Amino acid sequence: MVPWFTLKEGSKYTLVFTFRVTNNIVSGLRYSNTVWKTGIKVYSRKQMLGTFSPQAEPYNHVMFEESTPSGMLVRGSYSVKSKFVDDDNKCYLENNYTFDIRKNWL
């Protein structure tokens with residue numbers, strides 16, 4: 001698999017989600033993210049984003065700052081599955097992607 005992007009080990013990052021709600025209230029929207037390296041689950045995160053009502057302007061949700069791990073053993077390719085699901089288990093987005101962690105930028 002060709003990675004979508006490369007992260008430098010030990011770097012800090014923040015995820016920002018921008019989305020619109022147009023028709024019905026989205027109740028209890030949750031974000032889940034699971035990361036695998038060579039078929040072994042190495043990280044899993046679930047976070048409640050909240051309840052959102054329809055509006056013309058987009059919502060912005062800023063997640064907490066995190067850091068990529070560092071060290072020789074964490075370098076390599078990772079695969080990820082992330083989902084946005086509400087209280088009724090309706091999935092609004094499911095995304096699979098890959099990334100690399102490297103010692104230096106290419």
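Here are a few short exercises on this structure, each with a worked solution.

This is a predicted model, in which local features need pLDDT of at least 70, side-chain atom pairs count only at pLDDT 80 or more, and totals for chains, interfaces and linings use all residues. Residues are numbered from 1 along each chain as its sequence is written, and side-chain values use heavy atoms, with hydrogens and water left out.

**Exercise 1. Find which residues lie nearest the centre of the largest pocket, and which elements line it.**

Solution. Start with the term: on a 1 Å grid over the protein atoms alone, a pocket is an open set of points where a 1.4 Å probe fits, with protein on both sides within 12 Å along at least five of seven lines, and lining residues have an atom within 4 Å of a point. The volume of the largest pocket is about 590 Å³, where a volume is the space filled by probe spheres set on the points, which are joined across faces, edges and corners.

Next, look at the lining: there are 26 residues, and Tyr13, Asn33, Val35, Tyr97 and Phe99 lie nearest the centre. Two or more lining residues come from each of strands E1 (5-8), E4 (26-37), E5 (40-52), E7 (66-67), E8 (76-85) and E9 (91-102). Strands here are DSSP runs (E, at least two residues), numbered from the N terminus. E9 gives the largest share, five residues.

Finally, sort by class: 18 lining residues are nonpolar, five polar and three charged. In this scheme Ala, Val, Leu, Ile, Met, Phe, Trp, Tyr, Cys and Pro are nonpolar, Asp, Glu, Lys and Arg are charged, and the others, Gly among them, are polar.

**Exercise 2. Now describe the second largest pocket in the same steps.**

Solution. This pocket holds about 320 Å³ of space. Of its 18 lining residues, Phe19, Arg20, Val21, Val26 and Tyr92 lie nearest the centre. Strand E3 (16-19), E4 and E9 each give two or more residues to the lining, and the largest share, three residues, comes from E3. By class, ten are nonpolar, four polar and four charged.

**Exercise 3. List the residues of the largest nonpolar core, then follow the contacts of Met63.**

Solution. A nonpolar core is a set of buried Ala, Val, Leu, Ile, Met, Phe, Trp, Tyr and Cys residues joined through side-chain atoms within 4.5 Å; buried means under 20% relative accessible area, exposed over 50% and partly exposed in between (1.4 Å probe, protein chains only). The eleven members are Phe17, Phe19, Val21, Val26, Leu29, Tyr31, Leu49, Phe52, Tyr59, Met63 and Phe84. E3, E4 and E5 each supply two or more of them, with the largest share, three residues, from E4.

Leaving out residues up to four places away in sequence, Met63 touches Thr14, Leu15, Phe17, Tyr31, Arg45, Gln47 and Leu49. Contact here means heavy atoms within 4.5 Å.

**Exercise 4. Is Ser82 buried or exposed, and what does Ser82 touch?**

Solution. Place Ser82 in strand E8. Its relative accessibility is 7%, so Ser82 counts as buried. Beyond residues up to four places away in sequence, Ser82 touches Tyr31, Ser32, Asn33, Leu93, Glu94, Asn95 and Tyr97.

**Exercise 5. Check phi and accessibility for Thr38 and Asn89.**

Solution. Thr38 sits in the loop between E4 and E5. Its phi is near 50°, a positive value in a residue other than glycine, and at 72% relative accessibility Thr38 counts as exposed. Asn89 is in the loop between E8 and E9. Its phi, near 60°, is a positive value in a residue other than glycine, and Asn89 is exposed at 60% relative accessible area.

Methods: Helices (H or I, at least four residues) and strands (E, at least two) are DSSP runs, numbered from the N terminus.
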